Amino acid sequence: MAYRCNVLLCTCTMCVSVGALKIRNKLEEEIKKYNLEDEVQIILTGSSWLCTKGPTLIVQPDDVVYQFLKEKDIPNLVEEHLLKGRPVPSLMYIDPEELNPIEKLQDIPFYHDQRLIALWNRGIIDPDEIDEYIARDGYKALAKVLQDMTPEDVIQEIKDSGLRGRGGGGFPTGMKWEFCRKNPGSPKYLICNADEGDPGAFMDRSIIEADPHSLIEGMLVAAYAIGAEKGYIYVRSEYPLAIKRLDGAIIKAREYGLLGKGVFGSDFNFDMEIFRGAGAFVCGEETSLIHSIEGEPAEPRQRPPFPVERGLWENPTNINNVETLSCLPRIINFGAKWFAGIGTEKSKGTKVFSLAGKINNAGLVEVPMGITLREMVFKIGGGIPNRKKFKAVQTGGPSGGVIPESMLDLPIDYERIQEAGAIMGSGGMIVMDEDDCMVDVARYFIEFTRDESCGKCSSCREGLDAMYEILTNICKGKGKEGDIEFLEELGEAIINASMCGLGKSAPNPVLTSIRHFKDEYIAHIRDKICPAKSCVELIEYSIDQEKCTGCFICNVNCPTNAIIGEKKKPQTIDKSKCIKCSVCKEVCRFDAIKVE
Amino acid sequence: MPKITPEDLAKITERVKRTMILREGTGRAKIRVHMGTCGIAAGARSIMSTLMEEIESRNIKDIILTTSSCAGLCSREPMITVEVQNQPPVKYVDLTPEKTKIIFDKHILAGEIVKEYALAFGSERVP
């Protein structure tokens with residue numbers, strides 16, 4: 001029996017963590033109650049929608065989307081929408097500006113400007129069903145390359161498409177393949193880098209969770225082009241759901257004869273294996289990743305020789321990122337010309353970003369290259385919550401840099417972002433508002449890279465440590481004249497003297513924040529003031545005696561009993577007890593708590 | 001599961017086509033069964049089952065069958081709205097399973113509107 005209605009429930013890691021599986025059970029129960037089991041089918045998809053609004057589901061063919069679902073909402077939802085066909089506005093997406101519910105998925109601005117190539121199948125297929133992937137033109141690209149194209153043709157096609165590595169470097173993919181193919185060493189290896197280490201980035205995980213077969217097919221195409229028979233997917237162990245879905249997909253692909261000996265009945269052999277990494281940021285560096293697979297400590301080595309010459313087990317090895325590989329089936333199917341028609345002059349196609357931080361619509365977005373940061377933040381991202389002012393956006397994670405409001409009209413492409421001092425990176429994008437202190441943000445990222453530095457180069461190991469100490473002092477109000485100049489000098493030295501990408505990019509957040517927000521550094525150092533009122537050592541809480549009504553709510557909520565006073569009379573704060581946790585400010589309804 | 005050849009891709013696609021057009025919303029025709037309380041009371045469930053059986057028994061893959069709420073004319077329920085691609089929607093009223101089968105044959109499969117059961121062409125104007 002065919003179903004008349006599909007309920008596509010997002011079961012990405014984030015939605016599962018907020019109870020998507022309970023929602024599934026409740027849906028099943030209610031659907032059974034109305035005898036709709038033969039009419040309504042529940043599909044568990046990968047990340048499909050705004051990741052901070054989970055659990056979410058989409059009802060097709062009506063194209064209606066629901067967010068923030070709770071178990072108690074389900075009986076009403078099933079009766080009203082699934083039985084009676086009346087969508088439930090109270091559970092729909094609310095536009096942050098207009099505050100009205102939006103019914104259709106396509107009408108939500110978050111979706112409107114997206115263009116899906118790597119995320120082609122997100123939220124529309126069941127990632128565990130290979131047949132559904134095939135029905136969306138799956139494995140057609142593989143059939144095409146095996147039947148009609150030589151490996152050289154495939155390399156030329158990818159060169160013509162202008163595809164560049166999506167892991168951060170932006171190296172032309174076709175050229176990398178050609179180097180690997182032309183190298184006489186054998187056997188050759190293909191590695192997929194799914195070791196997403198940036199804080200706040202979840203592109204690779206979401207692609208694998210939503211559509212593992214796109215990655216497998218992309219790897220098959222790449223392996224055919226470079227002449228590899230064995231592939232590894234290096235994925236972090238912290239991604240259990242992604243690993244589970246990928247594992248299931250590999251097994252199904254093997255059963256269909258799409259992996260193994262004689263792929264699709266041809267004489268091309270290829271199989272792959274999942275390698276679970278322990279999640280070290282330095283494994284984003286190709287040579288460290290290779291060492292990790294070989295069982296060595298994850299430390300980089302000097303390049304050249306590049307991995308395409310001497311990589312895994314000293315053999316030619318091509319490493320591509322998940323997103324790069326997942327674009328390939330579409331490029332082969334629709335052609336290089338089509339792909340090259342999207343984007344800017346030097347950056348073709350689309351890029352997936354994980355939008356996070358102080359933003360209304362945090363989530364996974366895929367947009368054509370060349371879209372401006374302003375469109376990303378205010379149109380797709382829906383602006384800043386609580387009517388706060390936008391301050392900066394950090395692209396490229398801890399290796400990237402901050403971009404201030406004055407540069408928001410910058411089109412997103414590899415070169416333009418680099419000119420601004422940041423990097424495209426793998427696509428993490430963290431939005432900051434007026435409450436974020438840029439010195440503290442820089443300190444946070446340096447703390448991260450300091451911890452993740454493998455310690456091989458002393459410039460990176462000791463340099464980042466020194467930077468961290470200076471930044472911590474500045475945040476504590478112990479900064480000295482000359483600190484800024486020293487940070488700049490030290491940053492340059494770390495970049496010049498470190499061997500791998502980690503050290504070469506780690507000072508970026510400090511250097512860019514000094515470049516764009518020098519006044520904040522100066523305020524911390526000279527005036528001992530934190531303009532964003534975020535550094536706890538530089539602020540003090542007090543209560544406005546005129547505004548305070550003595551409602552007592554702050555007094556009751558203060559965790560250290562630092563607020564004293566009688567009921568119905570203005571309160572005061574005992575500064576010796578205050579830990580500056582900001583609870584009083586959050587609960588006060590009369591705006592009486594002052595932070596200075 | 002046997003190993004597949006490139007030719008099998010089309011067969012697999014055909015097999016799951018109905019599910020996929022449902023999700024992509026790209027069917028040749030869309031039938032809405034009005035399933036408000038009034039519709040259900042007047043027998044809309046049997047109309048829904050009839051349509052599902054018709055689609056199933058004829059193995060039709062490019063038609064979307066869905067529900068909608070009360071269309072505002074409760075006395076003429078059960079009611080369906082048939083939307084064939086690039087044509088204005090047609091509402092049929094006072095349905096029985098037998099009438100529904102006729103509409104399915106003539107309008108949905110042959111593209112011929114069954115005037116005697118039809119209420120009106122088009123949907124209400126929305127502001």
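How many residue pairs are in polar contact between chain A and chain B? The count is six, with both residues of each pair at pLDDT 80 or more. Keep that cut-off in mind, for this is a predicted model.

**Stop 1: the interface**

Color the two chains separately. Then select the residues of chain A that touch chain B. The contact joins 42 residues of chain A to 34 residues of chain B. Together the chains bury about 3,200 Å², and 60% of that lies on carbon and sulfur atoms. Now show Arg4(A), Pro61(A) and Tyr256(A) as sticks. These three supply 20% of the area that chain A buries against chain B, more than any other three residues.

Next, look for charge pairs. Two salt bridges are found across the interface of chain A and chain B. Zoom in on Asp131(A) and Arg15(B), which form a salt bridge with their closest N and O atoms 2.6 Å apart.

Pull back to the secondary structure on the chain A side. Strands S1 (5-10) and S2 (40-45) each give two or more residues to the side that touches chain B. So do helices H3 (74-83), H5 (130-135), H6 (140-148) and H11 (240-255). H5(A) makes the largest share, with four residues. Color this side of chain A by residue class: 20 residues are nonpolar, nine are polar and 13 are charged.

**Stop 2: the cores**

Select Tyr139(A), Val154(A) and Phe264(A). The largest nonpolar core has 75 residues, and these three touch the most other members. Helix H10 (residues 212-226) of chain A gives this core its largest share, 10 residues.

Stay on Phe264(A) and show what surrounds this side chain. Leaving out residues up to four places away in sequence, Phe264(A) touches residues of chain A including Tyr139(A), Leu142(A), Ala143(A) and Leu146(A). On chain B, Phe264(A) touches Ile4(B), Thr5(B), Pro6(B) and Leu9(B).

Then move to Val377(A), Phe390(A), Tyr414(A) and Ala422(A). They belong to a second, separate core of 37 residues.

**Stop 3: helix H12 of chain A**

Select residues 286-293 of chain A. Is this helix mostly covered or mostly open? Helix H12(A) is mostly covered, with eight of its eight residues buried. Among them are Glu286(A), Ser288(A), His291(A) and Ile293(A). Show the packing partners next. The buried residues of H12(A) pack against helix H8 (173-182) and strands S7 (188-194), S8 (228-236), S9 (271-277) and S10 (317-321) of chain A. Just after H12(A), click Gly295(A), which takes a positive phi of about 90 degrees.

**Stop 4: around Glu71 of chain A**

Go to the loop between strand S4 (64-66) and H3 of chain A, where Glu71(A) sits. Glu71(A) is partly exposed, at 37% relative accessible area. Glu71(A) touches Lys22(A), Ile23(A) and Lys26(A), not counting residues up to four places away in sequence. Add Leu27(A) to the view. Leu27(A) and Glu71(A) are 44 residues apart in sequence, yet their C-alpha atoms are 8.6 Å apart in space.

Step along to Asp73(A) and Lys72(A). They form a salt bridge, with the closest N and O atoms 4.0 Å apart. Asp73(A) is buried, at 13% relative accessible area. Lys72(A) is exposed, at 66%.

**Stop 5: salt bridges within helices**

Side chains of opposite charge can pair when their charged atoms come close. Over all chains, the count is 45 salt bridges.

Start with Glu178(A) and Lys182(A), whose closest N and O atoms are 3.5 Å apart in a salt bridge. Both lie in helix H8 of chain A, four residues apart, about one turn of the helix. Glu178(A) is partly exposed at 21%, whereas Lys182(A) is exposed at 63%.

Now select helix H17 (residues 438-452) of chain A, which holds Glu447(A) and Arg443(A), again four residues apart. Their side chains meet in a salt bridge at 3.7 Å, N to O. Glu447(A) is partly exposed at 25%, and Arg443(A) is buried at 18%. Elsewhere, show Lys176(A), Glu285(A), Glu286(A) and Arg303(A): salt bridges that share partners join them into one network.

**Stop 6: chain B**

Hide chain A. Chain B has five helices and five strands, and along the sequence they run α-α-β-α-α-β-β-β-α-β. The C-alpha atoms of chain B fill a box of roughly 55 × 30 × 25 Å along the principal axes. Of the 127 residues in chain B, 44% are buried. Among chain B contacts between residues at least 6 apart in sequence, 66% join residues at least 24 apart.

Note on methods. Residues numbered from 1 in each chain as written. Chains lettered and ligands numbered in written order. Predicted model: local features only at pLDDT ≥ 70, side-chain atom pairs only at ≥ 80, totals over all residues. Heavy atoms only, no water. Contact = heavy atoms within 4.5 Å. Buried area = accessible area lost by both parts, 1.4 Å probe. Polar contact = N/O pair within 3.5 Å; in protein donor to acceptor, adjacent residues only side chain to side chain. Nonpolar A, V, L, I, M, F, W, Y, C, P; charged D, E, K, R; others polar. Core = buried A, V, L, I, M, F, W, Y, C linked by side-chain atoms within 4.5 Å. Buried < 20%, exposed > 50% of the residue type's maximum accessible area, 1.4 Å probe, protein only.
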